[in-house]
Protein chains: 2
Amino acid sequence: MARSYDDSVPDRHSLAEIEQAMFAHVGDLSVNLPAANAVSTLYRAANAVRSHLTNTVLRGYGLTWTGFVVLWVVWIWDGLETRHAAESAGISKATLTGVVKTLEGQGWITRETSDVDRRLVNLTLTASGAAMMQELYPAFNAAEADVVSCLSTRALTDLTRSLRLMVASLEGTSLERTDSRRHIEPARGA
Amino acid sequence: MARSYDDSVPDRHSLAEIEQAMFAHVGDLSVNLPAANAVSTLYRAANAVRSHLTNTVLRGYGLTWTGFVVLWVVWIWDGLETRHAAESAGISKATLTGVVKTLEGQGWITRETSDVDRRLVNLTLTASGAAMMQELYPAFNAAEADVVSCLSTRALTDLTRSLRLMVASLEGTSLERTDSRRHIEPARGA
DNA sequence: ACCGAATCATTTGGGCCCGAACAGTAGTCG
DNA sequence: CGACTACTGTTCGGGCCCAAATGATTCGGT
């Protein structure tokens, strides 16, 4: 190595160092540290999981995380309309259009406009798409299990419950103001 | 409304319905449901938080989530080299280059190559950038607190600890194979 | 003093991501 | 029937995202 990696400016920051730096900039009183820690760790963990599963499992099939999620919801529900697929996958309809175009070009999925309502578009897995999911999902699920293997059963259920609470409070108050009582869509896997 | 939103195909899926659909496709025995639930809920929660904070706090300043995170780490450490900024922000150096270009164009940040090592580039907040963060961060932190207000103090610390465990086990084994003993960078706010 | 290896930031190319604007389709109500 | 309204999926524009390749710079060893 060209350098020992620990001599220059701050690289490895302890929590105490970060707290001190924060206090120096924002003032000791008015900062909610546990909330800041939780949010940043949450986002970092989600990206770490996504990145890990993508690189270890999905990349071999030429799939992205989002592409896989879309395939998954279409697979599990034996076909889906675009609007439901977008909601279940947790992405916007605009994004879904592009992702489906990619998956369609890869031959995993087909798109056909509905006969009864010509506004709708039905998504269905191709034969090779279904076969691929049947082979891929067990490996993906095993990798999921591996990712959470560092947590006890109790810690895992607590984690999921807390996260679900946050999702419920956020998705209940954010968008979709047209129907005040908004349902909670658990997305894939739950 | 044109339709009652609840009559057509499957939209509101209960957990039991999803489990049943999964079993029908993957086989009852070999699926780790708690792990799948945890991973999907984790990712969905992270995106919900990101989306909420972006729309309620950041959008008013013309900032994206990633742009804000980069500004934050540069702010809190009184300037940073790009490699450290990328790692602290949890994004690749390639992504950072583009984000910094955006922030530079908006006048929040400046870029200048180091004198002692001309490969390095130092990032510093402009005067207006520092002033903006001083005004913005309290609002952002308040929104963070609001997002986790549905959890008890105990649940929040447990959540953060579990997530940190996952991050540690993932970032310790994923990339950066050059230095086998990799440190754990807590990112912003932690 | 040189040369090869390591490290840095950037560019390139392909894909995801969303809000806003859009055109097409369906239901409603006079 | 003919507006009017609501809902559909798509397109557009701008930004984020990363792996791989590139060019510049530095370090270590000879």
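These legends go with close-up views of a predicted model in which protein chains meet two DNA strands.

**View 1. The protein around DNA strand C.** Here we look at the 26 residues around DNA strand C, where Thr66(A), Thr95(A), Arg118(A), Thr82(B) and Arg83(B) come nearest. Of the strand's atoms that come within 4 Å of the protein, 80% are sugar and phosphate. Sorted by class, the residues here come out as 10 charged, 9 nonpolar and 7 polar.

**View 2. Side chains at the phosphates of DNA strand C.** Thr66(A) has a side-chain N or O atom 2.6 Å from a phosphate oxygen, and for Thr95(A) that distance is 2.8 Å. From chain B, Lys101(B) puts a polar side-chain atom 3.0 Å from a phosphate oxygen. The elements giving two or more residues to this surface are helix H5 (93-106) of chain A, plus helix H4 (82-89) and helix H5 (93-105) of chain B. H5(B) gives the most, with 4 residues.

**View 3. The protein around DNA strand D.** This strand has 25 residues around it, and the closest are Thr66(B), Ser92(B), Thr95(B), Asp117(B) and Arg118(B). Sugar or phosphate makes up 81% of the strand's atoms within 4 Å of the protein, and bases make up the rest. The classes here are 10 charged, 8 nonpolar and 7 polar.

**View 4. Contacts with the phosphates of DNA strand D.** The side chain of Thr66(B) has an N or O atom 2.5 Å from a phosphate oxygen, while for the side chain of Arg111(A) the figure is 3.1 Å. Arg118(B) uses a backbone N or O atom instead, 2.9 Å from a phosphate oxygen. Helix H4 (82-89) and H5 of chain A, along with H5 of chain B, each give two or more residues to this surface. The largest share, 4 residues, comes from H5(A).

Methods. Residues numbered from 1 in each chain as written. Chains lettered and ligands numbered in written order. Predicted model: local features only at pLDDT ≥ 70, side-chain atom pairs only at ≥ 80, totals over all residues. Heavy atoms only, no water. Near = heavy atom within 4 Å. Polar contact = N/O pair within 3.5 Å; in protein donor to acceptor, adjacent residues only side chain to side chain. Nonpolar A, V, L, I, M, F, W, Y, C, P; charged D, E, K, R; others polar.
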